[in-house]
Amino acid sequence: MKFQNALYPIFKSLAFKVDPEFAHELTLKAMKQLSPWVENVPTDPRFKLTSMGLSFKSPVGLAAGLDKNAEAIGFLSYLPFSFIEVGTVTPLQQKGNDKPRLFRYPEEESLRNCMGFNNNGMEKILHNIQNANRREKILGVNLGKNKVTPNEDAPKDYAVLYEKFAPHADYLVINVSSPNTPGLRDLLQDKGLKEIFAAVNARRIQFTRPLLVKVSPDMSEEELRSVVKLVKEYQLSGIIATNTTIMPERGQGGVSGKILFEKAKKTRSFLLKELKDSPEIELIGVGGFSSYEEIKDYWKEGGRLVQLYSAFVFQGPSLLFDIEKKLAADMDQMKAASFDEFLHSLRKS
Ligand SMILES: Cc1cc2nc3c(=O)[nH]c(=O)nc-3n(C[C@H](O)[C@H](O)[C@H](O)COP(=O)(O)O)c2cc1C
């Protein structure tokens, strides 16, 4: 058994006994220390795919928010994630909301968080990125505005962040869909988004990197349609769907994991249809995935890249190895020599 698989159940049985955020901090510390012992498992070369002009070793990545400060890239790059998204990063360091702000629902393999973009700020995070060994894994940086920045000045925050990270990241994400910064989701409306895209695009002329926007599962079809329109107009590279969902009956913040799955799936299905005629725009699927079978359904529907967060917290690295094992078995059975061939056969079946 691989070292990281064997260790996870022991680690989880301890970590799940303590406060979730403390467990999270402990995990990040452990990750930093453990990198030298982790077994580097080569990825099946058939899993390769190209998207947004980038070459991914497999379709599975880590979602934003787990490594907010880009402290554990070294460890994470050993796991079967082909891409790692760090952040959300804001220009200035900020503490986030008061604790407790992270809650578990173990029976439902779900989490609720109201972290509020706690992070060390762009200068320190850039330093971490520059000093990390990412072993040819794709690195995304998720960008957010500071809480103290009024919404009318938000475009400036995103433009500054883009300029800072574009030379050091493979792709960038405009995040205006977190429910934990007051008024942030208002920026998902037409006017707010337009101003942000325009400000960032002005910097994109000097330094072009794939740029995506992350949307919320709580948006109406009309709102999603207007995001798609703007994504096309401003030539963004893709959309990430979805962030966490609000469920006031459970408390403040955003819910992720299995509870989110159906809502996120509905948003993704709608976007896949809207983007059908725009294959150059990638839809990265995230939100509630907890098994190979669910991801396979997303591939069948038209999706390609996916990200995980909550299911990785509950199931550990074995989930990633399980996905790879089942994908390899399906590719053998379909006699698919590449991931694109696999998708082709899957969508025909
Ligand atoms: C504790 C926690 C913190 C998160 N922080 C961020 C964040 O800073 N930026 C962001 O774009 N998404 C953040 N997310 C959302 C995830 O990236 C992801 O979109 C969401 O959890 C749904 O995926 P999942 O159901 O696989 O967890 C966070 C999620 C959790 C659970």
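Here are two short exercises on a predicted model, one about its cavities and one about its ligand.

**Exercise 1.** Find out how many cavities of 30 Å³ or more there are, and describe what lines the second largest cavity.

*Solution.*
Step 1: Start with the count, which comes to two cavities of 30 Å³ or more.
Step 2: Check the volume of the second largest cavity: about 30 Å³.
Step 3: Look at its walls. Ser58, Pro59, Val60, Trp299, Ile323, Glu324 and Leu327 line the second largest cavity.
Step 4: Sort that lining by class, and you get five nonpolar residues, one polar and one charged.
Step 5: Ask which element gives the most to this lining. That's helix H11 (residues 317-334), with three residues.

**Exercise 2.** Work out which residues surround the ligand, which polar contacts its oxygen atoms make, and how much of its area the protein covers.

*Solution.*
Step 1: Count the neighbours, taking a residue as near if one of its heavy atoms lies within 4 Å. There are 24 around the ligand, and the closest are Ala64, Thr88, Gly257, Gly288 and Ser310.
Step 2: Split this shell by class: eight nonpolar, 14 polar and two charged residues.
Step 3: Now go through some polar contacts, using N or O pairs within 3.5 Å. A polar backbone atom of Ala64 sits 2.7 Å from a ligand oxygen. In Lys214, a side-chain N or O atom is 2.9 Å from an oxygen of the ligand. For Tyr309, a backbone N or O atom is 3.1 Å from a ligand oxygen.
Step 4: Turn to coverage. On its own the ligand has 610 Å² of accessible area, and the protein covers 98% of that.
Step 5: Finish with the elements giving two or more residues to the shell: strands S4 (83-89), S6 (110-113) and S12 (254-257).

How values were computed
Residues are numbered from 1 along each chain as its sequence is written. This is a predicted model: local features need pLDDT of at least 70, side-chain atom pairs count only at pLDDT 80 or more; totals for chains, interfaces and linings use all residues. Side-chain values use heavy atoms; hydrogens and water are left out. On a 1 Å grid over the protein atoms alone, a cavity is a set of points where a 1.4 Å probe fits but cannot get out, and a pocket is an open set with protein on both sides within 12 Å along at least five of seven lines; lining residues have an atom within 4 Å of a point. Grid points are joined across faces, edges and corners, and a volume is the space filled by probe spheres set on the points. Helices (H or I, at least four residues) and strands (E, at least two) are DSSP runs, numbered from the N terminus. Ala, Val, Leu, Ile, Met, Phe, Trp, Tyr, Cys and Pro count as nonpolar, Asp, Glu, Lys and Arg as charged, and the others, Gly among them, as polar. A polar contact is a pair of N or O atoms within 3.5 Å; within protein, one must be able to donate a hydrogen and the other to accept it, and residues adjacent in sequence count only if both atoms are side-chain atoms. Accessible areas come from the Shrake-Rupley method with a 1.4 Å probe; for residues, only the protein chains shown count as cover.
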